[in-house]
Amino acid sequence: MEFNTELLIRIAYFVAAVLVILGLKLAWSKMTRQTDTQAPSSKKKKARKASAEAATLAAAKSVIIIPGYGMAIAQAHHAAWELASILQGKGVRVSFAINPVAGRMPGHMDILLAEAGVPYDIIYDLDNINNQFPDCDVALAIGANDIINPAARDDTSSQIYAMPILNVDKARKLIIIKRGQGSGFSGTENQLFDEDHAHMCLGDAKDVVEKLVADVKAL
Ligand code: NAP
């Protein structure tokens, strides 16, 4: 039998090339499998990480929650009480501050807080709580705007001048939950949103407060 050396060499080259390709494919599939399994676990870790606001609230000695018309619109009062009771469980002193003109009818906020089951002894009228803001670590305004606008206290040219407000700007930190930086019922701009110690948490009040509940629980 006569050997065709050239043909044998060609076959050997072909087999070697096929083996190299198979080897490369195997190595690639192993690499991509590793990446796929790593990705979900790092995503999970991110999802578990609590927000900075949750950490601020849980680290506070005292928190004053200020409900406004946006809380009523979003029906966030049950979540607000859940957040308050979780914080109380972590040793935070929590109070609710009611401005008599909050919402759209007299007693609007009192009705909502009663419906949510907030105990009366942690609900304060404006006159009884305004002097407590300088000692308050975090003021948390939920869907409030005009009732916390310092222009009503400081700006004689403002159309809301002399309207009673809660002095949330005196608190050490301020978290404001609303959907944007828009004005409230009076149409007056609120400079508070730009203050250094104020942090805006943008979104529907119920969604944001429920997220805070989950984040504080995760700490
Ligand atoms: P506000 O000044 O009307 O402000 C409420 C804020 O809630 C708005 O700026 C809005 O901002 C936000 N908001 C609306 N829907 C929201 C949602 N789903 N989630 C989160 N935020 C939401 O209300 P207030 O601070 O309670 O003050 C009450 C005002 O109503 C006063 O001017 C008062 O004089 C007047 N008023 C009161 C009565 C009364 O008897 N209580 C009666 C009539 C008028 P975004 O759009 O940026 O979210």
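## Salt bridges in helix α8

At a relative accessibility of 38%, E210 counts as partly exposed in this predicted model, and its partner K206, with a relative accessible area of 33%, is partly exposed as well. The side chains of E210 and K206 meet in a salt bridge, with 3.6 Å from N to O. Both residues belong to helix α8, which covers residues 205–218, and they are four residues apart there, about one turn of the helix.

A second pair in helix α8 is formed by K211 and D215, which are likewise four residues apart, about one turn of the helix. Their side chains come together in a salt bridge at 2.7 Å, again from N to O. The two ends of this bridge sit in contrasting surroundings: K211 is partly exposed, with a relative accessible area of 46%, whereas D215 has a relative accessibility of 5% and counts as buried, because buried means under 20%.

## A salt-bridge network around R153

Elsewhere in the chain, R153, D154 and D169 are joined in a network of salt bridges. Within this network, D154 pairs with R153, and the closest N and O atoms of the two are 2.9 Å apart. D154 is exposed, since its relative accessible area of 51% is over 50%, while R153, with a relative accessible area of 28%, is partly exposed.

Taking the whole model together, the count of salt bridges comes to six.

## The largest pocket

The largest pocket holds about 550 Å³ of space. Its lining is made up of 28 residues, and among these Y69, G70, G143, N145 and G184 lie nearest the centre of the pocket. Sorted by class, the lining of the largest pocket contains eleven nonpolar, twelve polar and five charged residues.

Two elements of secondary structure, α3 (69–74) and β5 (173–178), each supply at least two residues of this lining. Of the elements that contribute, α3 gives the largest share of the lining of the largest pocket, namely four residues.

## Residues around the ligand

Around the ligand there are 27 residues, of which R104, N145, D146, R179 and A205 come nearest. N145 is thus named both here, among the residues that come nearest the ligand, and among the residues that lie nearest the centre of the largest pocket.

Several contacts to the ligand are made through the protein backbone. A backbone N or O atom of A102 lies 3.1 Å from a nitrogen atom of the ligand, and a polar backbone atom of G103 is 3.0 Å from an oxygen atom of the ligand. For I147, a backbone N or O atom is found 3.3 Å from an oxygen atom of the ligand.

## An enclosed cavity

Rolling a probe the size of a water molecule over the atoms shows where empty space is left. In this model the count comes to one cavity of 30 Å³ or more, and the space in the largest cavity is about 50 Å³. The residues that line the largest cavity are S62, V63, I64, R93, S95, Q132, D135 and C136. The elements that give two or more residues to this lining are β1 (62–67) and β2 (93–98), and β1 gives the most, with three residues.

By class, the residues of the lining of the largest cavity divide into three nonpolar, three polar and two charged.

## Positive phi angles in two loops

Two residues other than glycine can be noted for their backbone angles. Q75, which is not a glycine, has a positive phi of about 55°. The place of Q75 is in the loop between α3 and α4, the latter covering residues 77–89, and with a relative accessible area of 40% Q75 is partly exposed.

A162 also has a positive phi, near 85°, in a residue other than glycine. A162 is found in the loop between α7 (151–154) and β5, and at 61% relative accessibility it counts as exposed, because this value is over the cut-off of 50%.

Conventions. Residues numbered from 1 in each chain as written. Predicted model: local features only at pLDDT ≥ 70, side-chain atom pairs only at ≥ 80, totals over all residues. Heavy atoms only, no water. Salt bridge = Lys/Arg side-chain N within 4 Å of Asp/Glu carboxyl O. Buried < 20%, exposed > 50% of the residue type's maximum accessible area, 1.4 Å probe, protein only. 1 Å grid on protein atoms, 1.4 Å probe; cavity = no way out; pocket = protein on both sides within 12 Å on 5 of 7 lines; lining within 4 Å. Points joined across faces, edges and corners; volume = space filled by probe spheres on them. Nonpolar A, V, L, I, M, F, W, Y, C, P; charged D, E, K, R; others polar. Near = heavy atom within 4 Å. Polar contact = N/O pair within 3.5 Å; in protein donor to acceptor, adjacent residues only side chain to side chain.
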